[in-house]
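Hi everyone, thanks for making room for me today. I'd like to walk you through one model, so please have a look at the screen.

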Amino acid sequence: MIYYITGGERSGKSSYAQNLAVTLHPNPCYLATSRIWDKQHQQRINRHIADRDHRWTSIEEEKELSNVILPKTTVVIDCVTLWLTNYFVDTKNDIEESLQLAKAEFNKILKIDANVIIISNEIGMGVHASTEIGRKFTELQGWMNQHIAKHADQAILMVSGIPVTIK
């Protein structure tokens, strides 16, 4: 099953995903996609790690997520925004190439017999980006979110900590 959980920043996506994961498997995996950009980002990562107990296995992978998802497991991917950022930076902000690479990788995930809970951000619902690169990334994120949601078995929009089923 593919579960897609989206929403704004601090909307409760990670908590909801983690609670769902432990109902699906006694020992879920947490797949972190982030590069560590600065000290503040490291602190945020440390908070997320502290939120998880001994039942969790943590995995870090920046782009090739399908290589670390094992069959018959439950995996929380946190998050699409940071995963796409890695493609976007590595392709020198090329939307089309980033989207093509991310879709190809996501399509590999669809073939794995696992419960995959994918967390993403609805950055297009927030403040309009003031830079061209920011606007390009918002487009990339929106197109990838649509692709994931289309293929998800279940889609949840988190609003102020409340899950709203959208699919």
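**The sheet and its edges**

Let me start with one pair of residues: Y30 has S58 in β3 as its bridge partner. Please keep in mind that this is a predicted model. That pair belongs to a wider match, since strand β2, residues 29–32, is joined to β3 by 4 bridges, and the two strands run parallel.

Now let's step back to the whole sheet. It is an open sheet of 7 strands with mixed pairing, and the order is β3-β2-β4-β5-β1-β6-β7. Which strands stand at the edges? Those are β3, residues 57–60, and β7; each has a single partner strand, so one side of each has no neighbour in the sheet. As for the twist, neighbouring strands of this sheet are turned by 25° against each other on average, ignoring direction.

Let's stay with the β7 edge for a moment. Strand β7 covers residues 162–165, and I162 is found in it. Is I162 buried or exposed? I162 has a relative accessible area of 52%, and exposed means over 50%, so I162 counts as exposed. I162 also takes part in a nonpolar surface patch, together with V159, V164 and I166. The area of that patch is about 330 Å².

Back to the other side of the order, and the loop that follows β3. T73 sits in the loop between β3 and β4, with β4 spanning 74–78. This threonine is buried, at a relative accessible area of 17%. What does the side chain of T73 reach? The backbone oxygen of L70, at 2.5 Å.

Next, the charged side chains. How many salt bridges are there? The count comes to 6, and I'll show you three of them.

One of them is between R55 and D53, whose side chains meet with an N to O distance of 2.6 Å. R55 is partly exposed, at 33% relative accessibility, and D53 is partly exposed as well, at 32%.

Another is formed by D90 and K63, where the closest N and O atoms are 2.7 Å apart. Why pick this pair? D90 lies in helix α3, residues 80–90, while K63 lies in the loop between β3 and β4, so the salt bridge ties together parts that are 27 residues apart in sequence. D90 is partly exposed, with a relative accessible area of 36%, and K63 is partly exposed too, at 23%.

The last one for today is within a helix. E105 and K108 meet through their side chains in a salt bridge of 3.8 Å, N to O. These two are 3 residues apart in helix α4, residues 95–109, which means about one helical turn separates them. Their surroundings are worth a look: E105 is buried, at 5% relative accessibility, whereas K108 is partly exposed, at 45%.

And one thing to add on the charged groups: R35, E62, K63 and D90 are joined into one network by salt bridges that share partners. So when you look at D90 and K63 on the screen, please look for R35 and E62 as well, because the four belong to that one network.

That's my tour, and I'm happy to go back to any part of it. Thanks for listening!

Technical notes
Residues are numbered from 1 along each chain as its sequence is written. This is a predicted model: local features need pLDDT of at least 70, side-chain atom pairs count only at pLDDT 80 or more; totals for chains, interfaces and linings use all residues. Side-chain values use heavy atoms; hydrogens and water are left out. Patches are made of residues with over 30% relative accessible area and no salt bridge: like charges are joined within 9 Å, nonpolar side chains (Val, Leu, Ile, Met, Phe, Trp, Tyr) within 5 Å. Accessible areas come from the Shrake-Rupley method with a 1.4 Å probe; for residues, only the protein chains shown count as cover. Buried means under 20% relative accessible area, exposed over 50%, partly exposed in between (1.4 Å probe, protein chains only). Two strands pair if DSSP finds at least two bridges between them. Axes are lines fitted to C-alpha atoms, for helices over the stretch in contact, and angles run from 0 to 180 degrees between N-to-C directions. A polar contact is a pair of N or O atoms within 3.5 Å; within protein, one must be able to donate a hydrogen and the other to accept it, and residues adjacent in sequence count only if both atoms are side-chain atoms.
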